[in-house]
Amino acid sequence: MNGVLIVNKPKGYTSHDVVAVLRKALNTKKIGHTGTLDPNATGILPILVGQGVKLSKYLIENDKTYIAVLKLGEKTDTGDSDGIIVETDSNNVEVEEENVSKILAGFLGKQKQIPPSYSAVKVNGKKLYEYAREGKDVEVKPRDIEIYDIELKSISGNEITFETSCSKGTYIRVLCEDIAEKLGTVGYMKELQRICVR
């Protein structure tokens with residue numbers, strides 16, 4: 001088999017887990033994925049099979065669209081729901097639709113973003129999450145990203161659901177934390193679904 005499979009990755013699976021399952025099911029060693037999704041994220045994961053792996057260099061640069069749920073009032077060490085709560089804020093935050101939409105719009109365009117400490121970004125040949133698990137702080141250079149579109153979908157209590165289209169290398173966990181900061185509180189990415197890769 002040669003080509004590209006579009007998998008709707010379920011929660012709880014790493015991108016590597018999905019590849020391992022399909023490698024066995026398709027009985028092939030020539031298989032890989034483009035655009036890693038965290039275990040607690042769901043949605044579109046392109047899988048390259050056979051001669052399709054040659055497309056990797058073209059697909060890895062693709063822009064993506066996500067739907068994210070930001071939970072306000074709590075901050076975790078990983079920036080998502082898998083982490084340990086390290087800070088709470090019991091103050092009432094203004095989460096009126098007009099105010100939130102205005103703050104979201106402020107993130108449009110080109111900008112710098114520092115990858116989260118719990119990520120696979122490498123510094124001196126070692127992944128950031130390996131340093132984090134050892135309790136070591138390392139200097140991480142900000143990366144160029146671009147937010148093409150960001151739109152408020154709904155507000156429910158202290159949870160904000162938004163949709164965003166962005167460049168490769170954008171960490172939605174970091175975006176969620178930055179949005180919470182602009183709202184005058186802390187927050188983390190409770191849920192993430194990738195709905196488009198283009």
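Strand β3 and strand β12 (residues 187–197) run parallel and are joined by three bridges. The structure is a predicted model, and its secondary structure comes to five helices and 12 strands. This briefing looks at strand β3, then at helix α5, and then at the protein as a whole.

**Strand β3 and its partners**

- Within the pairing of β3 with β12, A41 has L192 as its bridge partner.
- Strand β1 (residues 3–9) also pairs with β3, here in the antiparallel sense and over seven bridges.
- One residue pair in that arrangement is V7, whose bridge partner in β3 is L45.
- Strand β2 (residues 31–33) runs antiparallel to β3, and three bridges join the two.
- For H33, the bridge partner in β3 is I47.
- Strand β3 covers residues 41–49, and seven of its nine residues are buried, so the rest of the structure largely encloses this strand.

**Helix α5**

- Helix α5 spans residues 172–182 and is mostly covered, with eight of its 11 residues buried.
- The buried residues are I172, R173, V174, L175, C176, E177, I179 and A180.
- As background, an α-helix has 3.6 residues a turn, so residues three or four places apart point the same way.
- After α5 comes G184, which has a positive phi, near 85°.

**R173, a charged residue in α5**

- R173 lies in helix α5, and Arg is counted as positive in the charge totals for this protein.
- Is R173 buried or exposed?
- R173 is buried because its relative accessible area is 5%, while the cut-off for buried is under 20%.
- Leaving aside residues up to four places away in sequence, R173 touches D38, T78, G79, D80, P116, Y118, S119 and M189.
- Two of these contacts, D38 and D80, are Asp residues, and Asp is counted as negative.

**L175, another residue of α5**

- L175 is also found in helix α5.
- L175 is buried, with a relative accessible area of 2%.
- Which residues does L175 touch, not counting residues up to four places away in sequence?
- L175 touches F107, Q113, I147, I150, F162 and T164 under that condition.
- L175 and G79 are 96 residues apart in sequence, and their C-alpha atoms are 9.6 Å apart in space.
- G79 is itself among the residues that R173 touches.

**The protein as a whole**

- The protein has 198 residues, for which a compact globule would have a radius of gyration near 16 Å; the value for this protein is 18 Å, which agrees.
- The C-alpha trace spans about 55 × 35 × 30 Å along its principal axes.
- Buried residues make up 40% of the 198 residues.
- Among contacts with a separation of 6 or more, 68% are between residues 24 or more positions apart.
- The accessible surface comes to about 11100 Å², and carbon and sulfur atoms account for 47% of that surface.
- The protein has 28 positive and 28 negative charges, and the mean positions of these two groups are 13 Å apart.

Methods:
Residues are numbered from 1 along each chain as its sequence is written. This is a predicted model: local features need pLDDT of at least 70, side-chain atom pairs count only at pLDDT 80 or more; totals for chains, interfaces and linings use all residues. Side-chain values use heavy atoms; hydrogens and water are left out. Buried means under 20% relative accessible area, exposed over 50%, partly exposed in between (1.4 Å probe, protein chains only). Helices (H or I, at least four residues) and strands (E, at least two) are DSSP runs, numbered from the N terminus. The radius of gyration is taken over C-alpha atoms; the globule rule is 2.2 Å times the number of residues to the power 0.38. Contact means heavy atoms within 4.5 Å. Accessible areas come from the Shrake-Rupley method with a 1.4 Å probe; for residues, only the protein chains shown count as cover. The place of a charge is taken as NZ of Lys, CZ of Arg, CG of Asp or CD of Glu. Two strands pair if DSSP finds at least two bridges between them.
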